[in-house]
Amino acid sequence: MREVPELPELTQGQSGRGSTARVPFQVVEVTGPSMVPTLHHGDWLLVQYGATVRPGDVVILRHPFQQDLLIVKRAVERRRGGWWVLADNTFAGGDSTDYGTVPEELVLARVRARYRPLKKDQRSLRDVAAWAASALRPVSAARSVSRRLRAR
């Protein structure tokens with residue numbers, strides 16, 4: 001995952017409140033195969049900081065052993081001490097099976113939507129139409145392709 005820059009802050013005049021407030025949404029880019037088939041390398045995600053996380057949500061978190069590294073995983077269940085998170089691609093690794101429960105404070109944001117950019121080789125009308133139909137999708141537990149595949 002491409003590193004997320006620091007969250008911009010709104011000044012008092014911008015937010016309409018008496019104190020500084022953080023911008024709750026940001027766009028980040030996926031790098032790597034750990035969330036295939038739900039997310040692919042090069043996908044863009046709309047993430048919401050501070051959102052309530054529920055089992056099945058795709059989340060952005062700090063890696064427990066390398067906290068300058070931000071990763072995207074699926075929050076499977078809340079356990080004592082934080083969240084058990086898994087990669088949708090079981091062959092990729094790099095999830096709670098390797099490092100255990102992730103402390104709550106390391107889970108930063110919930111993924112709300114995925115945008116899959118048009119690839120250079122998608123030039124035919126059929127390819128462009130297929131891309132247009134699936135380029136922007138909400139990301140939620142109910143719509144997860146990987147959940148349906150694992151259930152079979």
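Four helices and nine strands make up the secondary structure of this chain, and what you're looking at is a predicted model. Going along the sequence, the order runs β-α-β-β-β-β-β-β-α-β-α-β-α. Two separate nonpolar cores turn up, one of 14 residues and another of eleven.

**The chain as a whole**

- The chain has 152 residues, and 38% of them are buried.
- Take the contacts between residues at least 6 apart in sequence: 51% of those link residues at least 24 apart.
- About 9,100 Å² of the chain is exposed, with carbon and sulfur atoms supplying 53% of that area.

**The nonpolar cores**

- The largest nonpolar core holds 14 residues, and the ones with the most contacts inside it are Leu39, Leu45, Val47, Val58, Ile60, Val72 and Val111.
- Four strands give two or more residues each to this core: E4, E5 (58–62), E6 (70–79) and E8.
- Strand E4 gives the most, with three residues.
- A second core, separate from that one, has eleven residues, including Val53, Val59, Ile71 and Ala75.
- As background, nonpolar side chains in soluble globular proteins tend to be buried together.

**Val47 and its surroundings**

- Val47 is one of the residues with the most contacts inside the largest core.
- Setting aside residues up to four places away in sequence, Val47 touches Pro24, Phe25, Gln26 and Val28 on one stretch of the chain, and Ala109, Arg110, Val111 and Arg112 on another.
- Ile60 is on the Val47 contact list too, and both Ile60 and Val111 are named with Val47 among the best-connected residues of the core.

**Leu106, a loop residue**

- Leu106 sits in the loop between helix H2 (96–99) and strand E8 (107–115).
- Is Leu106 buried or exposed? Its relative accessible area is 7%, under the 20% cut-off, so Leu106 counts as buried.
- Leaving out neighbours within four places in sequence, Leu106 is in contact with Ile60, Leu61, Arg62, Pro64 and Gln67.
- Ile60 therefore shows up again here: Leu106 contacts it, and so does Val47.
- Gly82 is 24 residues away from Leu106 in sequence, with a C-alpha to C-alpha separation of 8.8 Å.

**A cis proline**

- Where does Pro37 sit? Pro37 lies in the loop between strand E3 (25–29) and strand E4 (44–49).
- The peptide bond leading from Val36 into Pro37 is cis, with omega near 15°.

Key:
Residues are numbered from 1 along each chain as its sequence is written. This is a predicted model: local features need pLDDT of at least 70, side-chain atom pairs count only at pLDDT 80 or more; totals for chains, interfaces and linings use all residues. Side-chain values use heavy atoms; hydrogens and water are left out. Buried means under 20% relative accessible area, exposed over 50%, partly exposed in between (1.4 Å probe, protein chains only). Contact means heavy atoms within 4.5 Å. Accessible areas come from the Shrake-Rupley method with a 1.4 Å probe; for residues, only the protein chains shown count as cover. A nonpolar core is a set of buried Ala, Val, Leu, Ile, Met, Phe, Trp, Tyr and Cys residues joined through side-chain atoms within 4.5 Å.
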